[in-house]
Structures are given as C-alpha cells and as structure tokens.
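Trainee: Could we go through this structure together? I would like to start with the charged side chains and then move on.

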Amino acid sequence: MSKQWPLWEVFIRGQHGLSHRHVGSLHAPDAEMAIRNARDVYTRRNEGVSIWVVKSLDITASAPSEKGPLFDPSSTKIYRHPSFFEIPKDVGHM
Amino acid sequence: MTSSTAIDPTAFAEWLQRVGDNAIILGHRISEWCGHAPVLEEDIALANLALDLIGQGQLWLGLAGEVEGKGRSADDLAYLRDCAAFRNILLVELPNGDFGQTLMRQFLFDSFHIELLRSLREAGDSRVRDIAAKAEKEVAYHFERSTDLVIRLGDGTAESHARMQRALDKLFRYTSEMFVDDKLDETMAEAKIAPLPSTLRPAWDRTLAHVFAQAGLTAPDEAWRQKGGKNGVHSEHLGHLLAEMQFLQRAYPGARW
C-alpha cells in the first residue's frame with residue numbers, strides 16, 4: 001500500500017451563477033477529508049461558495065502530443081465563429 | 001442597552017478574561033505547529049484554527065478591557081499580564097505533545113467551547129452575544145474537524161489508536177475544570193450573562209460518549225482532577241509559553257508593525 005495519500009483536484013465556485021473553476025490540488029485520504037482540506041487550503045480568503053473534489057486519477061486528459069491532430073484543424077475554420085451573420089436591426093444588441 | 005442586570009465590572013472583566021484567555025492561549029499553542037505539522041494540508045488547517053482562536057481572544061479581551069474601564073486594550077491584556085493574571089484553564093496551556101495529543105486536546109476543548117458559545121446566544125449582554133455569534137461559526141467547524149479526526153485516528157491503525165488513547169488518558173484529568181462552578185460563575189449566572197459551567201456538562205458528556213464509541217476510545221475515571229487555571233494558578237508551562245508569546249512587547253515596548 002502506498003504511504004502517500006491520493007491526490008485530489010479541487011474546483012471552487014466563487015459566486016452563485018459562475019461555474020466551478022480548477023484552483024489546484026491537494027492530498028487527502030478520502031473525499032470527505034479532501035473537501036475539508038480544500039476548505040482550509042483554498043478558501044481562506046473568502047473565495048468560495050461551493051467546493052468539488054475529484055481524484056486526480058479519475059481525470060482523463062488529452063495527450064499533449066496529440067495537440068496537433070486534435071486542435072489544429074479548427075484553427076482554419078473561421079466560418080465556425082458566429083461572426084458572419086447579419087443581425088437584423090430589430091433584434092438589437094445580442 | 002447592552003446589559004440587562006447591573007454587574008460588578010471587575011467580575012465581568014475577569015469572566016471575559018477566562019473566555020478570552022482560553023482562546024488566546026490555545027491559539028498560541030496551536031500556532032506552534034506552523035511549519036511542523038505532519039502534512040502540508042494539516043499545517044494550513046492548524047494555522048487557520050490558531051488564527052480563529054487568536055481573533056476570538058482579541059475580541060473577548062478587547063471587551064474585557066472595555067468593561068474593566070482602566071484603559072487597557074486587548075494587546076495590553078494579552079502581552080503585558082504575567083502568569084498569575086491569566087485565567088485560562090490548564091488544559092489549553094499544556095504542551096502540544098504529538099499530533100494525536102494536540103488533536104485530542106482540541107476535541108476535548110472544542111466540544112466544551114461549542115456548548116458554551118451556543119448557550120451565550122441567550123446572554124443578557126449584546127456585546128457578549130455578538131462575539132459569541134461570530135465565534136460560534138468558527139468553532140462549529142473546529143468541532144466538526146476535531147471530532148472527525150479523533151474518530152478516524154481512534155479507529156485507525158493500532159499505532160494511531162494507541163496514541164489517541166494515550167492522549168485521552170493524559171488529558172482527561174484536565175477537563176473537569178471546564179465545568180466547575182465557582183463564585184464568579186455564580187455571579188455571571190445571576191446577572192444572566194453566562195451559564196453556570198456545570199450546566200454544559202451533560203451535553204459534553206453525551207458528545208464524548210457518542211464520539212468515543214465510534215473511535216473505540218475509553219475515557220478514564222476522573223479520580224484525580226487538575227484545576228487552578230481559572231483562578232490564576234497555572235502549570236509551569238504557561239510561563240514558557242508567555243515568554244515566547246510576549247517577547248516582542250517585553251523587549252520592545254510599544255513596538256508596532
């Protein structure tokens with residue numbers, strides 16, 4: 001058995017209406033302790049109204065080496081940005 | 001108005017020092033872990049705890065100075081009184097020992113502290129109610145945290161269990177002082193500012209029974225009770241603690257940031 005506690009990624013929601021944002025990571029023996037530790041480590045200055053923790057191991061990430069095939073193709077498809085539509089005056093500001 | 005019943009300011013101020021000194025002395029003790037805790041996350045949690053307690057001590061002692069009416073500030077009371085003028089219970093001045101002992105002391109104190117603060121919701125002095133209300137939120141978290149850790153470690157490995165039981169055996173004799181009623185307590189209760197400490201005991205006993213059952217720990221018999229701190233009769237440890245806590249103001253009187 002590993003002597004090191006598992007690593008957890010911490011997400012804090014700063015205000016109602018905003019999304020949780022990744023703020024960092026910490027070690028804890030289980031999820032409940034991870035929440036407590038996150039409270040003590042990441043919300044000392046009144047940063048949050050809600051905390052999520054997830055085991056770092058449970059996050060599947062895209063590989064940096066696949067960056068090209070994954071993301072480059074979209075860089076030339078500017079027509080995917082919704083900036084080519086003429087908005088009728090009556091609609092007003094969107 | 002602030003107070004419903006006239007009370008001798010000296011008695012009131014002394015009671016406030018009892019409450020404030022418990023917070024400030026335990027806060028200082030906990031701060032000694034800063035940079036030394038077993039893991040980084042605990043280190044930060046303990047620093048938060050210490051700061052909460054020191055902040056509460058500052059409020060209580062500030063009010064003590066105000067009630068006393070001799071122009072002493074919270075800082076004057078914290079940094080310029082000698083041992084015999086401190087009114088904290090012995091439990092909070094004891095050295096930290098190992099991490100288990102620190103946590104056990106915290107649990108024994110938190111479980112008393114939360115009962116005291118809850119009962120102060122009814123205090124007949126709005127200043128006391130205000131400070132207690134602010135402190136209660138902080139202490140509710142301290143209590144939740146120390147309870148959880150005592151259960152985890154008591155019900156953990158053979159090593160952690162043995163350390164928690166040892167800590168309990170060592171510290172339990174210092175707990176009865178929290179619930180002893182003396183003349184000052186009676187004065188405060190008659191003035192309807194504070195509860196008689198003995199009235200907090202049944203709830204505390206229930207908490208301990210509940211938590212120790214889950215933690216697999218056994219509280220020892222209270223054959224021998226240590227007390228004195230509430231009346232200024234302290235252990236040798238307080239002097240050493242004050243030497244460190246008060247050094248700056250003693251060596252450089254009036255020093256400011």
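**Salt bridges and other features**

Mentor: Asp30(A), Glu32(A), Arg36(A), Glu144(B), Asp148(B) and Arg152(B) are linked in a network of salt bridges, a salt bridge being a side-chain nitrogen of Lys or Arg within 4 Å of a carboxyl oxygen of Asp or Glu. This is a predicted model, in which local features need pLDDT of at least 70 and side-chain atom pairs count only at pLDDT 80 or more, while totals for chains, interfaces and linings use all residues. Residues are numbered from 1 along each chain as its sequence is written, chains are lettered from A and ligands numbered from 1 in the order in which they are written, and side-chain values use heavy atoms, with hydrogens and water left out.

Trainee: Ok, what does Arg152(B) pair with at 2.9 Å?

Mentor: The partner is Asp30(A), whose side chain meets that of Arg152(B) in a salt bridge with N to O at 2.9 Å. Arg152(B) also forms a salt bridge with Glu32(A), where the closest N and O atoms are 3.5 Å apart. That pair joins two chains, because Glu32(A) lies in helix H1 (residues 31-42) of chain A and Arg152(B) in helix H6 of chain B; helices (H or I, at least four residues) and strands (E, at least two) are DSSP runs, numbered from the N terminus.

Trainee: And are Glu32(A) and Arg152(B) buried or exposed?

Mentor: Glu32(A) is partly exposed, with a relative accessible area of 41%, and Arg152(B) also counts as partly exposed, at 22%. Here buried means under 20% relative accessible area, exposed means over 50%, and partly exposed is in between (1.4 Å probe, protein chains only).

Trainee: What about Glu144(B), which side chain does it meet?

Mentor: Glu144(B) meets Arg36(A) in a salt bridge of 2.9 Å, N to O. This pair crosses between chains too, running from helix H6 of chain B to helix H1 of chain A. Glu144(B) is partly exposed at 43% relative accessibility, whereas Arg36(A) counts as buried at 9%.

Trainee: How many salt bridges are there across the interface, and how many over all chains?

Mentor: The rule finds five across the interface of chain B and chain A, and the structure holds 24 over all chains. One that stays within chain B joins Glu159(B) and Arg163(B), at 2.7 Å, N to O. Those two residues are four apart in helix H7 (residues 158-171) of chain B, so about one helical turn separates them. Both are partly exposed, Glu159(B) at 47% and Arg163(B) at 35%.

Trainee: Back to the interface, how much area do the two chains bury?

Mentor: Chain B and chain A bury about 1,200 Å² between them, 47% of it on carbon and sulfur atoms; buried area is the accessible area (1.4 Å probe) that two parts lose on being put together, summed over both. On the side of chain B, Glu41(B), Tyr141(B) and Arg152(B) lose the most area to chain A, together 47% of what that side buries. The contact, defined by heavy atoms within 4.5 Å, takes 13 residues from chain B and 13 residues from chain A.

Trainee: Different topic: which residues of H10 in chain B are buried?

Mentor: In helix H10 (residues 236-245) of chain B, the buried residues are Leu238(B), Leu241(B), Leu242(B) and Met245(B). They lie on the same side of H10(B), because they cover an arc of only 100° around the axis, the arc being that of the directions from the helix axis to the C-beta atoms. The face turned away from that buried side carries the exposed residues Glu236(B), His240(B), Ala243(B) and Glu244(B).

Trainee: And what covers the buried ones?

Mentor: The cover includes helix H1 (9-31), helix H3 (74-80), helix H4 (90-93) and helix H11 (247-251) of chain B. Helix H1 of chain B is also the place of Asp21(B), which is buried with a relative accessible area of 0%.

Trainee: Last one, where is Asn46(A), and what is its phi?

Mentor: Asn46(A) lies in the loop between H1 and strand S3 (50-55) of chain A, and has a positive phi of about 65° although it is not a glycine. Asn46(A) is exposed, with a relative accessible area of 72%. Lys192(B), likewise not a glycine, has a positive phi of about 60°, and counts as exposed at 57% relative accessibility.
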